[in-house]
Amino acid sequence: MKFSVEVITVPVSDVERALRFYVDQVGFALDVDFSPNDAFRVVQLTPSGSGCSIQIGKAITEAPAGSLRNAYLVVTDLEAARRDLLERGVQVSDIRHKTPIGAWDGGFAPGLDPARGDYASFADFSDPDGNSWMLQERGYRAD
């Protein structure tokens with residue numbers, strides 16, 4: 001049997017503000033914006049190249065706004081992704097990497113992993129409600 005993650009619900013307090021953040025600043029594509037009445041609205045957004053989407057909306061979750069922690073966005077070039085988000089007005093942390101990489105004990109050092117190894121370098125940001133996202137580099141290839 002095959003299981004796949006299709007949608008992650010992101011609890012937000014202001015759907016319009018979150019929609020603008022994820023589309024205009026983070027660059028997610030708007031897939032669906034459905035509101036059959038004033039009590040319900042679901043907005044589905046997908047990061048470029050992702051097989052998994054997020055949903056924000058009204059009456060779609062009982063989780064408190066801002067309670068999502070460390071959802072991972074995997075990128076092939078962390079420096080470029082971070083720079084793009086900063087240019088769009090997203091506050092992104094400095095890049096850090098695991099150390100020591102071979103026997104990681106939970107420690108980090110500033111900057112990219114010198115070897116640009118998969119799963120080794122990170123940066124993070126939050127949406128306006130405080131839902132947190134982790135950028136993780138995987139598949140980097142120097143030109």
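In this predicted model, five strands form an open sheet in the order β5-β9-β8-β6-β7. The pairing within this sheet is mixed. Its edges are β5, residues 71-75, and β7, residues 107-110. Each of these edge strands pairs on one side only. From one strand to its neighbour, the turn averages 35°, with direction ignored.

At one end of the order, β7 pairs with β6, which spans residues 96-99. The two strands are antiparallel and share four bridges. Within this pairing, T99 has G107 of β7 as its bridge partner. In general, the strands of a sheet pair through backbone hydrogen bonds, and the sense may be parallel or antiparallel.

Helix α2 covers residues 78-87 and lies across three strands, β5, β8 and β9. Of these, β8 comprises residues 121-126 and β9 comprises residues 132-137. The helix runs at about 20° to β8. Four residues of α2 are buried: L78, A81, R82 and L85. Viewed down the axis of α2, these buried residues fall within an arc of 95°, so they line one face of the helix. The general geometry of an α-helix gives 3.6 residues a turn, so residues three or four places apart point the same way. The cover over the buried residues of α2 includes β5, β8 and β9, together with helix α1.

Both ends of α2 carry a local feature. At the start of α2, a side-chain oxygen of D77 comes to within 3.2 Å of the backbone nitrogen of E79. Just after α2, G89 adopts a positive phi of about 90°.

A further open sheet contains four strands, ordered β1-β4-β3-β2. Here too the pairing is mixed. The edge strands are β1, residues 7-9, and β2, residues 29-37, and each pairs on one side only. The twist averages 20° from one strand to the next. Strand β3, residues 40-46, runs antiparallel to β2, and six bridges join the two. Among the paired residues, F34 has V42 of β3 as its bridge partner.

Helix α1 is formed by residues 15-25 and lies across β2, β3 and β4. Strand β4 spans residues 53-58. The angle between α1 and β3 is about 10°. Helix α1 thus lies across strands of the four-stranded sheet and is also part of what covers the buried residues of α2.

Conventions. Residues numbered from 1 in each chain as written. Predicted model: local features only at pLDDT ≥ 70, side-chain atom pairs only at ≥ 80, totals over all residues. Heavy atoms only, no water. Pairing = 2+ DSSP bridges. Axes fitted to C-alpha atoms, helices over the stretch in contact; angles between N-to-C directions. Contact = heavy atoms within 4.5 Å. Buried < 20%, exposed > 50% of the residue type's maximum accessible area, 1.4 Å probe, protein only. Arc of directions from axis to C-beta. Polar contact = N/O pair within 3.5 Å; in protein donor to acceptor, adjacent residues only side chain to side chain.
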